[in-house]
Amino acid sequence: MTLHFRFANSADGPIFTEILKDLYVHYYGPGARDPEAVARYVEETVMTAGTACEILLAESDGRTLGFATFSVNHPGPTLGGQLTLKDLYVHSAARSQGIGPKILQELARIALARNCSRVDWTAETTNPRALAFYDRLGARREEEKVYFRLDGDALEAVAAKGKAEP
């Protein structure tokens, strides 16, 4: 199989929507996300001008087999950037064909071409297949880092602190 990579553009909304639906089913089960809501989200948010998210599509024979969403952040640890991988996903029908490593290889090339000194990402500790995959690639686990999140009520509370009265 010959794999081709390209960056998604605004016309790729339907293509990205289809593989994103597969991702949601994979992680959350068949009823996880309303397909129409996913399509609206992609069209109105993900594929809009000015988003910091880039989407790398992995394709073969006219089919999208996988993708990576990422951004380049500055400043990085050197006088360059840091490529931050948000999601790497291979369609359920295309797994175990070596596509995941090829997507990461392409991301590494993109990072170097953009003067990034590293690629960072997170993985759930409850996903042993992903952890083993990243270990096999030679990625180093950053045990000294702590991943933080603000969401729900905590997010709203922090946003409300010191807010000017209308």
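On the side of helix 2 (residues 35-46) opposite its buried residues, Glu-36, Glu-43 and Glu-44 are exposed; exposed stands for over 50% relative accessible area, buried for under 20% and partly exposed for the range in between, with a 1.4 Å probe and protein chains only. The model is predicted: local features need pLDDT of at least 70, side-chain atom pairs count only at pLDDT 80 or more, and totals for chains, interfaces and linings use all residues. Residues are numbered from 1 along each chain as its sequence is written, and side-chain values use heavy atoms, with hydrogens and water left out. Helices (H or I, at least four residues) and strands (E, at least two) are DSSP runs, numbered from the N terminus.

**Helix 2**

- The buried residues of this helix are Val-38, Val-42 and Val-46. They lie on the same side of helix 2 because they cover an arc of only 40° around the axis, where the arc is that of the directions from the helix axis to the C-beta atoms.
- These buried residues pack against helix 1 (13-28) and strand 2 (54-60); contact stands for heavy atoms within 4.5 Å.
- Arg-40 also lies in helix 2, and Arg-40 counts as partly exposed because its relative accessibility is 42%.
- Apart from its neighbours within four places in sequence, Arg-40 is in contact with Asp-34 and Thr-45.
- Arg-40 and Tyr-28 are 12 residues apart along the chain, and their C-alpha atoms are separated by 19 Å.

**Helix 3**

- Buried residues in helix 3 include Ile-99, Ile-103, Leu-107 and Ile-110. The buried residues of helix 3 cover an arc of only 160° around the axis, which puts them on the same side of the helix.
- The face turned away from this buried side carries the exposed residues Leu-112 and Ala-113.
- The partners against which the buried residues of helix 3 pack are strand 1 (4-7), strand 2, strand 3 (63-73), strand 4 (81-90), strand 5 (116-120) and helix 4 (128-137).
- At 1.5 Å a residue, the 15 residues of helix 3 (residues 99-113) should span 21 Å, which agrees with the 21 Å between its end C-alpha atoms; the expected span is 1.5 Å times one less than the number of residues.
- Asn-115, just after helix 3, takes a positive phi of about 65°.

**Strands 2, 3 and 4**

- Strand 3 is largely enclosed by the rest of the structure, because eight of its 11 residues are buried.
- Strand 2 and strand 3 pair in the antiparallel sense over seven bridges; two strands pair if DSSP finds at least two bridges between them.
- The two strands form a hairpin with two residues between them, and Asp-61 in the turn has a positive phi of about 50°. Ser-60 stands opposite Arg-63 in strand 3.
- Strand 3 and strand 4 also run antiparallel, joined by eight bridges. Leu-83 in strand 4 is the bridge partner of Val-72.

**Aromatic pairs**

- Rings of Phe, Tyr and Trp (its six-membered ring) pair if their centres lie within 6.5 Å; planes under 30 degrees apart count as stacked, over 60 as edge-to-face and the rest as tilted. By this rule there are eight aromatic pairs.
- Phe-67 and Tyr-89 form a tilted pair, with 6.0 Å from centre to centre and 45° between the planes. The pair links distant parts of the chain, since Phe-67 in strand 3 and Tyr-89 in strand 4 are 22 residues apart.
- Both Phe-67 and Tyr-89 are buried. They belong to one aromatic cluster with Phe-16, Tyr-24, Tyr-27 and Tyr-28.

**Salt bridges**

- A salt bridge is a side-chain nitrogen of Lys or Arg within 4 Å of a carboxyl oxygen of Asp or Glu, and the count by this rule comes to nine.
- Arg-6 and Glu-59 meet through their side chains in a salt bridge of 3.0 Å, N to O. This pair links distant parts of the chain: Arg-6 is in strand 1 and Glu-59 in strand 2, 53 residues apart.
- Arg-6 counts as partly exposed at 27% relative accessibility, whereas Glu-59 counts as buried at 15%. Arg-6, Asp-12 and Glu-59 are linked in a network of salt bridges.
- Arg-118 forms a salt bridge with Asp-120, and their closest N and O atoms are 2.8 Å apart.
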